[in-house]
Each structure stands twice: as C-alpha cells, then as structure tokens.
Amino acid sequence: MNPRHLSGCLVALALTLFAWAPSQAQNFAPKSRAPVTVNFVNADIEGVTRAFAAMIERAIIVDPRVKGSITVYSEQPQSVREAWQSYQSALRGLGFAVVESGGLLKVVPEADAKLQTGTVSIGEVGVRGDQIITQIFTLRYENPNNLVPVLRPLISANNTINANPASNSLVITDYADNLQRLGKIIAALDNPAGTGVDIVPLQHAVAADLAPLVQRLSDAGGGAPVPGVVVGGAGGTTVVADSRSNSLLIRAANPARLALVRATIAQLDRPSTLLGAGGGMWVVHLKNADAVRLATVVRAAFGAFGSSPGGSAGIASTPTPQAATPNVQANAPLGSGGGGLATAAQPSTGGFIQADPATNSLIITAPEPLYRQVRALIDQLDTRRAQVYIESMIVEVAAGDAADFGFQWQGLLGQSGDKTGLVAGTNFTPAGGQGNIIGINTGAVQGQINVGEGLNLGILRAYNGITTLAAIARALQSQAETNIVSTPNLITLDNEEAKIVVGENVPFITGQFTGAGGTGGATTNPFQTIERKDVGITLRIRPQIGEGGAVRMTIFQEQSSVKQDTAAGTTNAGPSTTKRSIENTVVVDDGAILVLGGLIEDRFITNKSKVPLLGDIPWLGALFRSESRERKRTNLMVFLRPIVMRDAGAANRFSADRYDQIRGQQQTTQPTPSLAMPINESPVLPPRPAASEPLAPLPPAVPSAEQLPVPAPAPQR
C-alpha cells in the first residue's frame, strides 16, 4: 500500500477515535481519560492539527503560511497532555509554534509568535510545554540591565527579552519550558549585591585619613576590573568615612570580603609614632579648597584654643598677617583693576596650621583630639564647588531716517561792458556738508564738480566764456538700520570673580613735552606719554549660588567703542569713545533670563536755513530756503542667563554641546571647491572623543592641503 495513503488512513482513524472518545468520557476530567496512542508519519500538518484539536477539545487555527508534513508518534500509550506536548515539540522542530490569543489556539511561524501571543504571566510560570508566552519577572535587588546580556544567549533567536528599569523588571517572550528554566536562573541571580552596612569605630586612626587607603587596598585585592562594572559600587567594596563618630562605614560583596576589610582596618588602627609631648604632625592634602584660604579660616575657627587653659602650645589665637596676605587679590572688590595671573602664594606661617600652596596641603601640629576636630571641619569645607556658566546678551537695534530738500541760485544782473553790476542769490550748506552752490562753482573752475548726494536739478549759465551753475534744487532721503547682538559668556566657580574682555587696546595721550633750546630755536627731545585702555565689551561677574538654584550675581558690564569721526586721533586730545555700563547686584533663577537694563532713545532733529521774510512766502518761499529732518531710534537691552553646573557630568554635557555646535558651524562654512585655487578646505575641529578617550590633537596652524581633514556633514541638532 502507498505510504501516503496509509498515513491518510491513520489520520482518519485517529479522527474517528478522538471524535468518539469525548462522547464516551464526557463525565470524566481530561486527566482521567484513557491513554492514547498516536501514529502520524509524514502526515499533513493541517490534518494532524484537527486531530489534536478534537483530542484537547479546543479550536486550533492554522496560519496559511504553515504548510508541510509532520511526524508525531508514540510506541506506548500516553496521556493526552503528553501527546499534546509531543505535537508542540514536533511543530517547534519545523519552525512553527502554538500561541493563545483571544481564547483561540493558533499555529503560526515561530518568528511571528512573539507578536501574536496573548498569554501574559506575572510571577510563577503556569504554562508548560512548547507554547510561546510572555512572562514578566519582577526583580528585588539586581538591576535588569545587568541581567539582559546574561539571559540573551539562553533565549531562542526569534524571541525577545527587554529590561524596564522604571519598574525593575524583565519582560521575556519565549517557550514556556524555557521560561521556567530562566525563572530559576533569575531567582539565583536576584540577590543582594553585598552585605549590609557595617560600622567599624576607630580607636587611634582618623577615619578621613584611613578611608582612602582601605578603599584602594580593597579594590586592588578584588582582582582585575571587569569592563562595565564600577569599582566600589554594587558587587565591590565601599568604604566611607564618618568624621562625626570617627568610624568607617563598610559595605562588601560577601561576608568573606567584609572580614578581610575589617582585618585590614584592625592592623592599620594603631597609635601614631609621630605623637610626642607637644602633639603630632599630620599632612592633609586638599582636594578642592585652597590651602592658604582654608588655613586662615581654620585658624580663626579654632583661635579660642590658644587662650584656653587646656590649650596646647603653638596654637595661634588670631590669623597671622602672612597667611592673610595671599588673599588680598582674591578678596578685592568687583571691578578693581589688575589683570593677568597672580604670583604664586607663599607658604603661610604661624599657628598650628601651616599651608603649602605648592602641593595645596595643610600641615597640622596639634594633639590627636584637636586634630580630629580640625579634620572633621576640613572635610566639610573641602568639597567640590559648583560652577556657573553665565551668558550675557547685548542687543542693540537702531534705525535712522533723514530727509533733505532745498533750492539755491546765483545770478548776475547787468550787461557786458557795464562797470557795475548786481549779484543776487541764495546758498545753503546741506546737512551732509556737500552741495553748496558756491562751492560747486569753485570746484567747476578747478575742473572738479561735486554736487552732493541725492537728486540734483540745476541750470547752467556762461559768464565771460565760463560755464557756471546758476541754480540747483536738491532732494535726498536716507535710511540706516543697525542690529547688533553680542553674547559674551564665561564660566566661573561659585563665589569667584570672572572677567572677559572682547575689544581693542586703544592708545590715549596723557601728556606731552617739547623742550626748546636747539640751534635756530628748533625743538629738542619731544616726547609723549601714552596710556592704553581696553575699548570693547567687558563683563565682570561674581556669582553666588543660593538655596533652590537661585544665583545672586554682582555684575559689571561695559560696552565702549571709538567714535568714527576721531578714530584716527586727528585732535591732540586723542580719540573719543562712547561708553555704556551697568553695575548692579541681581538674583536670577537657574537657567532663567533676566533683563539688566537698557536704553530706549527716540530723537528728532530739524534744521532750517532760509532768507528772512522771503523764505516764509507760501509756495514761492521754497526758492529761498533749505530744510533737513533727521530721526534716530535706538533700543539697547542687556540680558543675563546663568546656568548652574553642580557636577562634572553637567559641565561635560554643556561643554560637549558647545563643542559640537562650533564644529557644526565650521563644517557648514566650508569654501566652494575651485580648481583654480588649491585651498578648498578650512580647518575643522576634530570629532569629539568619548569620555574615556583622549582629545585628538588640533591640526597645525598652517596645514597643507593633504593634512586638512575631509569635512563631514553637519550634525542635525
């Protein structure tokens, strides 16, 4: 008999048996049914699926893409559940899977099973076998992002795993049996990262001194660092000093590591050999604060110990002048003179605290109890200070309109040969200084004719063979608009003054001397004294970060420029300058924009020149007058925006944003390629490296065409 025909007969026989079985066992639970024997060899998938649908009494839909033959058989009788699992395993081997959606079972390709499954389980997996479901695992201790690379290789290629850090959970879609295995792995990995916090009080050592040493020893003993794992974080050892109780707070990965750290602390917590009759000597290396300033502050805070009965020798009651001297420049009022870097501070002497500016360290000579108090105060003051990025926006919008209209004429009354004659006429000088009729005729005689700007209509007349201008009418209207935006910006530490100057250094004559006494009365040894001053934009700010992110700022802002009419120094007094300045103290929220001040000016000027009486005659009087009008409108505003950067991450993000911005502008302003000119690229900043990579070196000042980088497309922002 044909094998395929035999297979079809077996399918029909199985359908008959399963159609009869429910009617005979309808009063029994499915698990109590009699064992069945299936024998489908190279049978059609759709026919076998109908047989199993009758067996489990559930409707099963076969996707049109599911085609082919399937083999499911058992040599011994088995339960319906076992037969159903054998059917699912056979489908999985062919690249198909069973999913449940809306109460219906579907046979679909494995690649689409994760999109069509409607079974979502939370907690323990309740389904078994090779059915694809979605399981949500809620973690208690471990970060879900850390488990994704561990579990991803254990999941079939067509199924997915996703981490949700917000709810600290994992969402996995896979076969039910594999999800049970993954659940056991997750339960084993989801354990506390380390032991609880253990407090180790110190008897002799100072907690702030011992904590960095113990931390380094613990990190070095943990083996080679693992990429992506932060040292001292979860899974490592963390040691924190508590200066108030002189204790160390320890959290280790396991009890064995905790015992090792405690043993190390016990060996290091010994009496100091530097202690003598007058006390001990300690060197404290500061991380953020200035040693000279901090020494002065600490001496002032502990000055009372110098006069107390129980005080120790060598403790000063007041700060010494030597220690205060290096702070004169730092505490100078805002806007004071002086530029450039200050000279190196000298080591401060006197008192029980010495400052070494070269290493930014403090040398403390005091008994151990006093040293512990001083060290606790130093730890509170030696903290990283926030920085403030300040952007000043100077906006000036100016517009000017001018109009000029006038009529001039000159005439000679008389005939040729007369001894006397009569000359009459009008002449006015327009607002621009050019266009006077007499000046035009004088220039015409010399071969130079300049009638001035605007529309000019004139009448020519010849006198004794010389052509001159007898009458001229002039009309002129002009408009000027100015739109200037300057944004000086700078970064400074909290409560530290910063200054930026953008402009020119212009010489001003402050004195001159010329001595007489040479041969023939000639002058000897002439000289001038010159003082150079900055002309441009000056911004000097001292910010102070307050509670809630508000920034209190003492501001000095000045905008000056050299007037164009005296820019070359044509007068003995030197050039003239214009100046606009603001000096005040304001409070601005972090990231907010505040207007500091400004100028709004609207000026109207009218100039009239006319012949008395005749210039007032209606209509006809226009022949005897000249008039000009001018209007100027100026709007000047100064805005300020501070941005607080409290940590290194904020400063790096802000600097990276500005770096990418200026690099994008360089890339978009490349010159147009030209075959005639060999220079077709302008310098471009190198790409910004990652945080762990060093910055690439800048190109040479005058690079060759081969050294210039190829510009990349401008980044989309």
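The exercises below, each with a worked solution, concern a predicted model.

**Exercise 1.** Find which residues have the most contacts inside the largest nonpolar core, and which elements give two or more residues to this core.

*Solution.* Begin with the core itself, which has 24 residues, and note that those with the most contacts inside it are Phe40, Phe52, Ile70, Val72, Tyr87, Leu91 and Val107. Next, turn to the elements: two or more residues come from each of strand 1 (39-44), helix 2 (45-56), strand 3 (69-73), helix 3 (80-93), strand 4 (96-101) and strand 5 (104-109). Then take Val107 as an example and leave aside its neighbours within four places in sequence; its contacts include Thr49, Ile60, Tyr87, Leu91 and Phe96.

**Exercise 2.** Decide which residues of strand 3 lie on its covered face and which on its uncovered one.

*Solution.* In a regular strand, the side chains alternate between the two faces of the sheet. Following the residues of strand 3 with this in mind, place Ile70 and Val72 on the covered face, and Ser69, Thr71 and Tyr73 on the uncovered one. As a further step, look at the partner strand: strand 1 is joined to strand 3 by four bridges, and the two run antiparallel, with Asn39 standing opposite Tyr73.

**Exercise 3.** Classify the ring pair of Phe40 and Phe52 as stacked, edge-to-face or tilted, and do the same for Phe52 and Trp84.

*Solution.* The step that decides the matter is the angle between the planes, since under 30 degrees counts as stacked, over 60 as edge-to-face and the rest as tilted. For Phe40 and Phe52, the ring centres are 6.1 Å apart and the planes stand at 50°, so this pair is tilted. Phe40 belongs to strand 1 and Phe52 to helix 2, twelve residues apart, and both are buried. For Phe52 and Trp84, the centres are 6.5 Å apart and the planes at 55°, so this pair is tilted as well. Because Phe52 lies in helix 2 and Trp84 in helix 3, the pair ties together parts that are 32 residues apart in sequence. Finally, ring pairs link Phe40, Phe52, Trp84 and Tyr87 into a cluster.

**Exercise 4.** Work out which strands stand at the edges of the open sheet with the order 13-15-14.

*Solution.* Start from the order of the three strands, whose pairing is antiparallel. Strand 13 (280-285) and strand 14 (353-356) each have a single partner strand and therefore stand at the edges, with one side left without a neighbour in the sheet. Six bridges join strand 13 to strand 15 (residues 361-366), and Trp282 stands opposite Ile364 in strand 15. Lastly, add the helix 11 (residues 368-381), which packs on the sheet and touches strand 13, strand 14 and strand 15.

Technical notes:
Residues numbered from 1 in each chain as written. Predicted model: local features only at pLDDT ≥ 70, side-chain atom pairs only at ≥ 80, totals over all residues. Heavy atoms only, no water. Core = buried A, V, L, I, M, F, W, Y, C linked by side-chain atoms within 4.5 Å. Buried < 20%, exposed > 50% of the residue type's maximum accessible area, 1.4 Å probe, protein only. Contact = heavy atoms within 4.5 Å. Pairing = 2+ DSSP bridges. Axes fitted to C-alpha atoms, helices over the stretch in contact; angles between N-to-C directions. Phe/Tyr/Trp six-rings, centres within 6.5 Å; stacked < 30°, edge-to-face > 60°.
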